[in-house]
Protein chains: 2
Amino acid sequence: MITTVRRRARATAGPTARGDGAGATVGLGMLAELIGYHVRLAQMAVFADFERALGALSLSPGLFGLLVIVEANPGLRQTQLADAARLDRSTLVPALDKLESRDLVERRAAPDDRRSNGLFLTAQGATLLAQAKRAVRAHEKRIAAELGEGDRATLIELLDRLAPGGRRP
Amino acid sequence: MITTVRRRARATAGPTARGDGAGATVGLGMLAELIGYHVRLAQMAVFADFERALGALSLSPGLFGLLVIVEANPGLRQTQLADAARLDRSTLVPALDKLESRDLVERRAAPDDRRSNGLFLTAQGATLLAQAKRAVRAHEKRIAAELGEGDRATLIELLDRLAPGGRRP
DNA sequence: TATTGTTATACTCTATAACTATA
DNA sequence: TATAGTTATAGAGTATAACAATA
């Protein structure tokens with residue numbers, strides 16, 4: 001299957017189309033030819049919009065991601081969540097502390113293995129997450145508006161080629 | 001102009017093609033549908049390869065970027081460099097301290113404005129940067145190998161649509 | 001008054017190593 | 001011995017606010 005890429009429709013508004021800014025006269029050398037450079041800029045822009053969308057709920061992209069994974073996998077163990085979120089299990093601890101202190105997530109002692117905790121969304125957590133997901137869908141729509149549905153799929157496909165499925169080599 | 005995207009040629013090696021890993025059974029909920037999620041994974045993969053390529057020279061992507069910009073703009077002022085690199089000028093100070101302590105960059109008092117410093121690569125800085133650029137080109141070739149030249153250009157074009165030219169709104 | 005570089009400080013994200021309580 | 005969660009600690013990376021020197 002072949003996917004086509006639609007070019008932007010000639011400047012959304014007006015001056016917005018210019019690709020420079022404060023440092024217009026400063027050359028970037030080979031930087032602008034590096035995929036990593038463009039990925040980083042895109043990441044900054046996308047995350048900034050995400051924070052703008054979710055700031056009111058005091059949820060960072062990372063915390064939001066944890067809530068989503070816990071919701072999708074009730075009873076998940078901390079180590080499993082850490083793996084899924086690509087965090088060290090020690091990194092997960094303060095994040096869960098934060099979510100638990102806000103009564104969004106609950107650590108329940110696992111019945112079968114007393115070393116483990118099962119993770120669950122609280123009622124409050126489920127409510128907040130529902131709100132957050134609405135905000136995130138709006139955010140996604142906003143940034144995807146620059147692309148259109150076809151190009152969005154293409155972009156994701158190309159990005160996934162850079163990150164080999166998420167395996168740890 | 002229409003750009004076509006070539007799909008990957010049926011698994012480079014073998015098991016590498018599988019898209020899961022340790023947390024195979026853990027669902028990600030809506031996460032996998034978010035552009036930001038894929039951008040983040042790509043960013044992590046690309047930066048990890050960059051660090052692997054440049055680690056021997058003890059250059060992070062950030063420091064490498066600063067050297068490249070200084071090389072392309074000899075005599076640049078700190079504030080200008082900060083703008084070009086999208087850093088606060090206070091953030092730039094310790095970075096330049098690091099580069100200067102390693103004798104890679106020099107702050108020269110500007111003749112016309114005694115508040116300002118002009119930034120220059122030292123001879124050592126130029127030598128190291130030349131090495132680094134070779135390593136970065138190899139790195140770029142490596143990650144672009146997953147794409148091919150056409151898809152590489154497409155990816156960059158799509159990413160740039162997410163980051164509005166780099167302007168600060 | 002405004003700008004340049006600097007300092008002091010703090011916050012986020014992340015990791016490694018070692019500890020504890022289980023298994 | 002090995003694993004799950006935790007703690008202590010540290011290191012990037014980044015920012016804001018305030019300051020001295022200079023414009």
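Me: Which element gives the most to the surface near DNA strand C, and how many residues does it give?

Reply: That is helix 4 of chain B, with 3 residues. One thing to keep in mind as we go: this is a predicted model. A useful way to read a DNA contact is to start with the residues, go on to the atoms, and then return to the elements. Around DNA strand C there are 18 residues, and the closest are A:Ser90, A:Arg114, B:Gln78, B:Thr79 and B:Arg115.

Me: What classes of residue make up the surface near DNA strand C?

Reply: The surface near DNA strand C holds 8 charged, 8 polar and 2 nonpolar residues.

Me: And how do I read the DNA side of that contact? What share of the strand C atoms within 4 Å of the protein belongs to sugar or phosphate?

Reply: Sugar or phosphate accounts for 58% of those atoms, and bases for the rest. Individual atom pairs then put names to the two parts. On the base side, an N or O atom in the side chain of B:Arg115 is 2.6 Å from a base oxygen of DNA strand C. On the phosphate side, a backbone N or O atom of A:Asp88 lies 3.0 Å from a phosphate oxygen of strand C. B:Asn117 also uses a backbone N or O atom, placed 3.2 Å from a phosphate oxygen of DNA strand C. Back at the level of elements, those giving two or more residues to the surface near strand C are helix 4 (89-101) of chain A, and helix 3 (78-85) and helix 4 (89-101) of chain B.

Me: Let me try the other strand. Which residues are closest to DNA strand D?

Reply: The closest are A:Gln78, A:Thr79, A:Arg115, B:Ser90 and B:Arg114, out of 18 residues surrounding DNA strand D. By class, the surface near strand D divides into 2 nonpolar, 8 polar and 8 charged residues. Of the strand D atoms within 4 Å of the protein, 61% belong to sugar or phosphate, with bases making up the rest.

Me: Which side chains have an N or O atom paired with a base oxygen or a phosphate oxygen of strand D?

Reply: Among them is A:Arg89, with a side-chain N or O atom 3.0 Å from a base oxygen of DNA strand D. A:Arg107 has one 3.1 Å from a phosphate oxygen of strand D. From chain B, a polar side-chain atom of B:Ser90 lies 2.7 Å from a base oxygen of DNA strand D. As for elements, helix 3 (78-84) and helix 4 of chain A and helix 4 of chain B each supply at least two residues near strand D. Helix 4 of chain A gives the most there, with 3 residues.

Me: Now a pair of helices. At roughly what angle do helix 6 of chain A and helix 6 of chain B cross?

Reply: For a helix pair, look at the angle, then the hand, then the residues that meet. Here the two axes, each for residues 149-162, come within 10 Å and cross at roughly 115 degrees. The crossing is left-handed. Among the residues of chain A that take part are A:Leu155, A:Leu158, A:Leu159 and A:Leu162, and chain B brings B:Leu155, B:Leu158, B:Leu159 and B:Leu162, among others. By class, the contact has 8 nonpolar, 2 polar and 4 charged residues.

Me: How should I read the backbone angle phi?

Reply: The general idea is that most residues other than glycine have a negative phi. A positive value in such a residue is therefore a departure from what most of them show. A:Arg86, in the loop between helix 3 and helix 4 of chain A, has a phi near 60 degrees. B:Ser58, in the loop between helix 1 (35-54) and helix 2 of chain B, has a phi near 55 degrees.

Me: Why do A:Arg86 and B:Ser58 count as partly exposed?

Reply: A:Arg86 has a relative accessibility of 23% and B:Ser58 has a relative accessible area of 48%. Each counts as partly exposed because partly exposed covers values between 20% and 50%.

Me: One last residue: where does B:Ala72 sit?

Reply: B:Ala72 is in helix 2 (residues 61-72) of chain B, and it is partly exposed because its relative accessibility is 38%. Beyond its neighbours within four places in sequence, B:Ala72 is in contact with A:Gly27 and A:Gly29. B:Ala72 and B:Leu121 are 49 residues apart in sequence, yet their C-alpha atoms are 9.8 Å apart.

Conventions. Residues are numbered from 1 along each chain as its sequence is written. Chains are lettered from A and ligands numbered from 1 in the order in which they are written. This is a predicted model: local features need pLDDT of at least 70, side-chain atom pairs count only at pLDDT 80 or more; totals for chains, interfaces and linings use all residues. Side-chain values use heavy atoms; hydrogens and water are left out. Helices (H or I, at least four residues) and strands (E, at least two) are DSSP runs, numbered from the N terminus. Buried means under 20% relative accessible area, exposed over 50%, partly exposed in between (1.4 Å probe, protein chains only). Contact means heavy atoms within 4.5 Å. A residue is near a molecule or strand if one of its heavy atoms lies within 4 Å of it. A polar contact is a pair of N or O atoms within 3.5 Å; within protein, one must be able to donate a hydrogen and the other to accept it, and residues adjacent in sequence count only if both atoms are side-chain atoms. Ala, Val, Leu, Ile, Met, Phe, Trp, Tyr, Cys and Pro count as nonpolar, Asp, Glu, Lys and Arg as charged, and the others, Gly among them, as polar. Axes are lines fitted to C-alpha atoms, for helices over the stretch in contact, and angles run from 0 to 180 degrees between N-to-C directions. A crossing is left-handed if the near helix is turned anticlockwise from the far one by less than a right angle, and right-handed if clockwise.
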